[in-house]
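Welcome to a short set of worked exercises. Keep the sequence and the model open beside you, try each task on your own, and then compare your steps with the solution.

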Amino acid sequence: MLSWLRSFSASLFSSEENESTPYLHYVLFFQAGISAVELYLDWRQRKCYELKHIPKELEKQVKPEKFQQAQKYGKDKNTFSMVSELIQTGVHMTLFATYSLPRLWNYCSQIIEKYSFVNILPAELQTTLLYSSVLFLGSKLISLPFSIYNTFVLEQKYGFNKTTGKLFVRDIVTGTLISAVIGYPSLIGLWYVLELSGPKLWLYFWLFTSSLSILLALIYPPLIMPLFNKFQPLQDEKLRHEIEELAMQVGFPLNKIYVMDGSKRTSHSNAFMYGIWKKGIVLYDSLLEQNKDHNERILAVLAHEMGHWKMRHTQKMLVIGLLHSLVLSWSYGKIANNDSMYRSFGFDTKAHIIGLLLFSELLTPLDSVLSLIMNFISRRFEYSADEYAKNMGYSPFLIEALTTLHLENLSTMHPDPLYSLYHNSHPTLTERIHALEKNNLETKKNQ
Ligand SMILES: [Zn+2]
């Protein structure tokens with residue numbers, strides 16, 4: 001088994017012809033393995049939802065009814081996630097194991113040969129656009145029943161859902177149109193980059209995908225989010241003044257403060273910042289509602305966010321992301337022309353989009369490991385942003401704000417350590433309270 005894995009990994013990224021490399025089996029094997037690990041973690045977390053006692057750190061703040069409700073909500077979400085994971089992975093693996101994707105590609109290219117819709121574009125590119133549209137709509141159709149159940153049954157049951165049927169349909173239509181408006185030009189651009197770049201494929205591929213993702217991150221808040229939500233300047237004069245003062249104190253380049261009607265869809269609450277040089281702050285209306293007459297809690301949350309800004313966490317994540325995509329682009333350059341990869345999955349043509357699709361499948365195990373590392377880094381960043389807010393004297397208010405947020409969202413009271421390590425980009429509530437209180441004690445000792 002080990003020697004098989006060793007010879008396999010050696011041949012995986014070689015550009016030489018290697019008939020015996022079982023790429024498809026490798027993908028099926030690892031996908032089943034990852035699914036099994038994730039189901040095991042779900043099952044571990046499930047047992048935590050059966051615990052009857054409130055965790056020590058939360059005993060004072062949490063009423064027994066709220067605790068029981070959070071445990072029930074968590075368990076229901078857990079069942080939903082296990083069932084949907086099983087079905088969706090099953091469908092995904094079946095598509096590969098039955099060679100349905102190469103068959104679909106052949107159908108699409110026959111249709112293009114017959115009808116050639118846009119004559120100015122090469123046939124492979126036209127097939128790529130048709131094939132991607134069918135895959136995109138197909139995956140939307142498969143996830144639709146899960147999304148309906150989650151919104152209108154599960155979230156509804158616990159009073160979180162505020163979405164109407166009409167709004168739900170409107171969101172799907174808007175989302176699909178935006179995907180088309182952004183997706184088609186991006187695909188066309190990408191296809192020409194891959195077609196024309198020759199031996200330096202990895203470099204041009206990297207430059208193109210990196211600039212595209214930076215561009216999308218920049219246009220998302222000002223251009224796309226307003227299509228879904230209304231943004232209004234913060235009306236509360238007192239709070240606005242306090243936020244401006246906080247920004248001045250830390251030298252934060254505050255632009256505008258908006259309130260977003262997040263409550264239109266859900267009563268889960270949040271706050272975020274956007275912009276490169278001048279920063280806008282967006283507060284969910286539900287966050288303001290939940291912390292009415294407790295401005296200091298909202299300021300504590302913003303002090304934490306400003307900590308992220310001060311310590312350049314977004315830029316650091318961006319650099320890590322660019323390095324990651326550089327490594328991926330280089331690996332893709334190595335494997336893009338490997339005939340045996342295409343053959344192993346049942347494709348008899350070598351189209352760019354197929355190469356990318358198969359490459360992303362081969363990366364699944366690596367992605368799981370990388371997301372573990374990214375979660376670890378993100379958790380470090382969260383702790384240091386908390387410490388930043390604490391150093392400004394917001395520690396008790398941040399604890400209050402985090403606890404309120406946690407209770408209002410009925411978040412997990414007893415997180416399983418392994419589940420949390422794998423899935424969470426933020427430390428758990430009790431871990432954060434621990435760290436904030438520990439720091440408090442140390443500050444007192446030092447005073
Ligand atoms: Zn944070």
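**Exercise 1. The nonpolar cores**

Task: Find the largest nonpolar core of this predicted model, and say which helix gives the largest share of it.

Solution.
- Step 1. Begin with the count: the largest nonpolar core has 46 residues. Within this core, the residues with the most contacts are Ile243, Phe252, Ile281, Leu283, Leu302 and Met306.
- Step 2. Next, sort the members by element. Helix α10 (residues 295-310) contributes 6 residues, the largest share of this core.
- Step 3. Then check the domains: at least three residues of the core come from domain 1 (21-232 + 308-446), and at least three from domain 2 (233-290).
- Step 4. Look further and you will find a second, separate core of 36 residues, with Val27, Leu101, Leu104 and Phe345 among them.
- Step 5. Zoom in on phenylalanine 252 of the largest core. With neighbours within four places in sequence set aside, phenylalanine 252 is in contact with Ala247, Met273, Lys279, Ile281, Met306 and Trp309.

**Exercise 2. Two domains**

Task: Describe how the protein is divided and how many residues each domain gives to the contact.

Solution.
- Step 1. The division is into domain 1 (21-232 + 308-446) and domain 2 (233-290).
- Step 2. Taken over C-alpha atoms, the centres of domain 1 and domain 2 are 26 Å apart.
- Step 3. Domain 1 gives 26 residues to the contact, and domain 2 gives 28 residues.

**Exercise 3. The zinc site**

Task: List the protein donors of the zinc ion, and classify the site from its angles.

Solution.
- Step 1. Collect the donors: His304 (NE2), His308 (NE2), Glu382 (OE) and Glu382 (OE) lie 2.1 to 2.7 Å from the zinc ion.
- Step 2. The angles among the 4 donor atoms run from 52 to 134°. Four donors count as tetrahedral if all angles lie between 85 and 135 degrees, so the 52° angle rules that class out and the site is irregular.
- Step 3. Read the donors along the chain, and the spacing is H-x3-H-x73-E.
- Step 4. Place the pair of histidine 304 and glutamate 382: histidine 304 sits in helix α10 and glutamate 382 in helix α14 (residues 364-391), so the pair links distant parts of the chain, 78 residues apart.
- Step 5. Finally, check exposure: histidine 304 and glutamate 382 are both buried.

**Exercise 4. Two leucines of one helix**

Task: Leucine 129 and leucine 154 are both to be placed and their surroundings described. Are they buried or exposed?

Solution.
- Step 1. Leucine 129 lies in helix α5 (residues 123-157), and leucine 154 has its place in helix α5 too.
- Step 2. The cut-off for buried is under 20% relative accessible area. Leucine 129, at 13%, therefore counts as buried, and so does leucine 154, at 3%.
- Step 3. Now the contacts, without residues up to four places away in sequence. Leucine 129 is in contact with Leu121, Tyr184, Leu187 and Ile188, while leucine 154 touches Asp76, Lys77, Phe80 and Tyr149.
- Step 4. Add C-alpha distances. Leucine 154 and lysine 77 are 77 residues apart along the chain, with their C-alpha atoms separated by 7.5 Å. For leucine 129 and lysine 279, 150 residues apart, the separation is 37 Å.

**Exercise 5. Positive phi in loops**

Task: Locate tyrosine 99 and leucine 410, and compare their exposure.

Solution.
- Step 1. Recall the background: most residues other than glycine have a negative phi.
- Step 2. Tyrosine 99 has a positive phi, near 55°, and leucine 410 has a positive phi as well, near 50°.
- Step 3. Tyrosine 99 is in the loop between α3 (64-97) and α4 (100-115); leucine 410 is in the loop between α15 (395-408) and α16 (417-423).
- Step 4. With a relative accessible area of 36%, tyrosine 99 is partly exposed, whereas leucine 410, at 5%, is buried.

**Exercise 6. A covered helix and a buried serine**

Task: Say how many residues of helix α13 are buried, then describe serine 340.

Solution.
- Step 1. In helix α13 (residues 352-362), 9 of the 11 residues are buried, and the helix is mostly covered.
- Step 2. The buried residues of α13 include His352, Gly355, Phe359 and Glu361.
- Step 3. Serine 340 belongs to helix α12 (residues 339-344). Its relative accessible area is 3%, so serine 340 is buried.
- Step 4. The side chains of serine 340 and asparagine 338 are joined by a polar contact of 2.9 Å.

How values were computed. Residues are numbered from 1 along each chain as its sequence is written. This is a predicted model: local features need pLDDT of at least 70, side-chain atom pairs count only at pLDDT 80 or more; totals for chains, interfaces and linings use all residues. Side-chain values use heavy atoms; hydrogens and water are left out. Helices (H or I, at least four residues) and strands (E, at least two) are DSSP runs, numbered from the N terminus. Buried means under 20% relative accessible area, exposed over 50%, partly exposed in between (1.4 Å probe, protein chains only). A polar contact is a pair of N or O atoms within 3.5 Å; within protein, one must be able to donate a hydrogen and the other to accept it, and residues adjacent in sequence count only if both atoms are side-chain atoms. A nonpolar core is a set of buried Ala, Val, Leu, Ile, Met, Phe, Trp, Tyr and Cys residues joined through side-chain atoms within 4.5 Å. Domain bounds come from an automatic or database domain assignment. Contact means heavy atoms within 4.5 Å. Donors are N, O and S atoms within 2.8 Å of the metal (3.2 Å for Na, K and Ca); water is not among the atoms, so sites may look incomplete. Four donors count as tetrahedral if all angles lie between 85 and 135 degrees; four count as square planar and six as octahedral if opposite donors are over 155 degrees apart and all others between 65 and 115; anything else is irregular.
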